[in-house]
Amino acid sequence: MRQKKRLRLRLVLYVVLTAGLLFVAVFGEDIAPHDPYETDFMAIDTPPNREFWLGTDNLGRCMFSRILAGAGSSLLATAAIVLATALIGTALGVAAGYWGGCVDAVIQKLLLIIQSFPGQVMSIAVAGVLGAGLRNAVLALVSIGWVTYARMSRSAVMKIRNANFIRAARLCGQSAPEIILWHVLPNIRNILLITMMTALSTTMLLLSGLSFLGLSSKPPYPEWGFMMNEGRKVLMTAPWQALAPGLAIFVTVVILNRLGDSARDYLEFMRDYNG
């Protein structure tokens, strides 16, 4: 019981921290102390002080305000990518695992084609072909991210598709979509949830990497990766311009990563405890 309480408290802690990140993502621009888009040529490259907590950039814009405003594009885009990849990958993986045959063969060939290219290289190539922009960066990451969910869900479904409760459902006259919805998905939801939560931090890094290369948000919209790219040009004279968004990415990735680890440990403990 003591271990269960400890795991639950750790999970609650990171859920609260993640909720705080989501609050900043939704209301960051509203709670920013300055207009994140307003230029002030009298405050160019101002170091951190009482008025500008994280200094200003090369156009005199408040870095702290721009980081708060950029949380929306970074975090919400990350959540959208994880959700889209989970839906697409799970649908294809469940179809391959449940029906098998030609359906499985076609999906397996598609998986082999996607996996034959390094994921990050392929995402850069897709984003480069589609052009710079947050929407295209999201599409690029979705195009490679679904593979993990497809492989995982296919493997999980193949283990239970001939189980007694699935056979009983077929004998009761339930259709394949009903069996998948009411019997298959509930049995793989924990592993799906863990995969989604652990993918948040990785997706955040990949999106920031595309943004750093100039393949995500376009100026003047703030995005943490692109802000780091702009800040590296003045790293020796105004280091806060690169360090501030880098710190924001670091803190966010750590929280999301620990959230995934905490959820995995708690769900695995509960499975063993109840089993």
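These are my notebook entries on two surface patches and one buried serine in a predicted model.

**Ground rules.** I number residues from 1 along each chain as its sequence is written. Because the model is predicted, local features need pLDDT of at least 70 and side-chain atom pairs count only at pLDDT 80 or more, while totals for chains, interfaces and linings use all residues, and side-chain values use heavy atoms, with hydrogens and water left out.

**Nonpolar patch.** I looked up Leu-22, Phe-23, Val-26, Phe-27, Ile-31 and Leu-76, which form a nonpolar surface patch with about 540 Å² of accessible area together. Areas come from the Shrake-Rupley method with a 1.4 Å probe, and for residues only the protein chains shown count as cover. Patch members have over 30% relative accessible area and no salt bridge, with nonpolar side chains (Val, Leu, Ile, Met, Phe, Trp, Tyr) joined within 5 Å and like charges within 9 Å. A salt bridge is a side-chain nitrogen of Lys or Arg within 4 Å of a carboxyl oxygen of Asp or Glu. Helix 1 gives the largest share of this patch, 5 residues; helices are DSSP runs (H or I, at least four residues), numbered from the N terminus. Phe-27 lies in helix 1 and is partly exposed at 38%, since buried means under 20% relative accessible area, exposed over 50%, and partly exposed in between.

**Negative patch.** I found Glu-29, Asp-30, Asp-35, Glu-38, Asp-40 and Glu-51 forming a negative surface patch, where Asp and Glu count as negative and the charge is placed at CG of Asp or CD of Glu. Asp-30 sits in helix 1 (residues 2-31) and is exposed at 62%.

**Ser-74.** I placed Ser-74 in helix 2 (residues 63-99), where Ser-74 is buried at 0% relative accessibility. Leaving aside neighbours within four places in sequence, Ser-74 is in contact (heavy atoms within 4.5 Å) with Met-204, Leu-207, Glu-223 and Trp-224.

Conventions: Helix = DSSP H or I, 4+ residues; strand = E, 2+ residues; numbered from the N terminus. Buried < 20%, exposed > 50% of the residue type's maximum accessible area, 1.4 Å probe, protein only.
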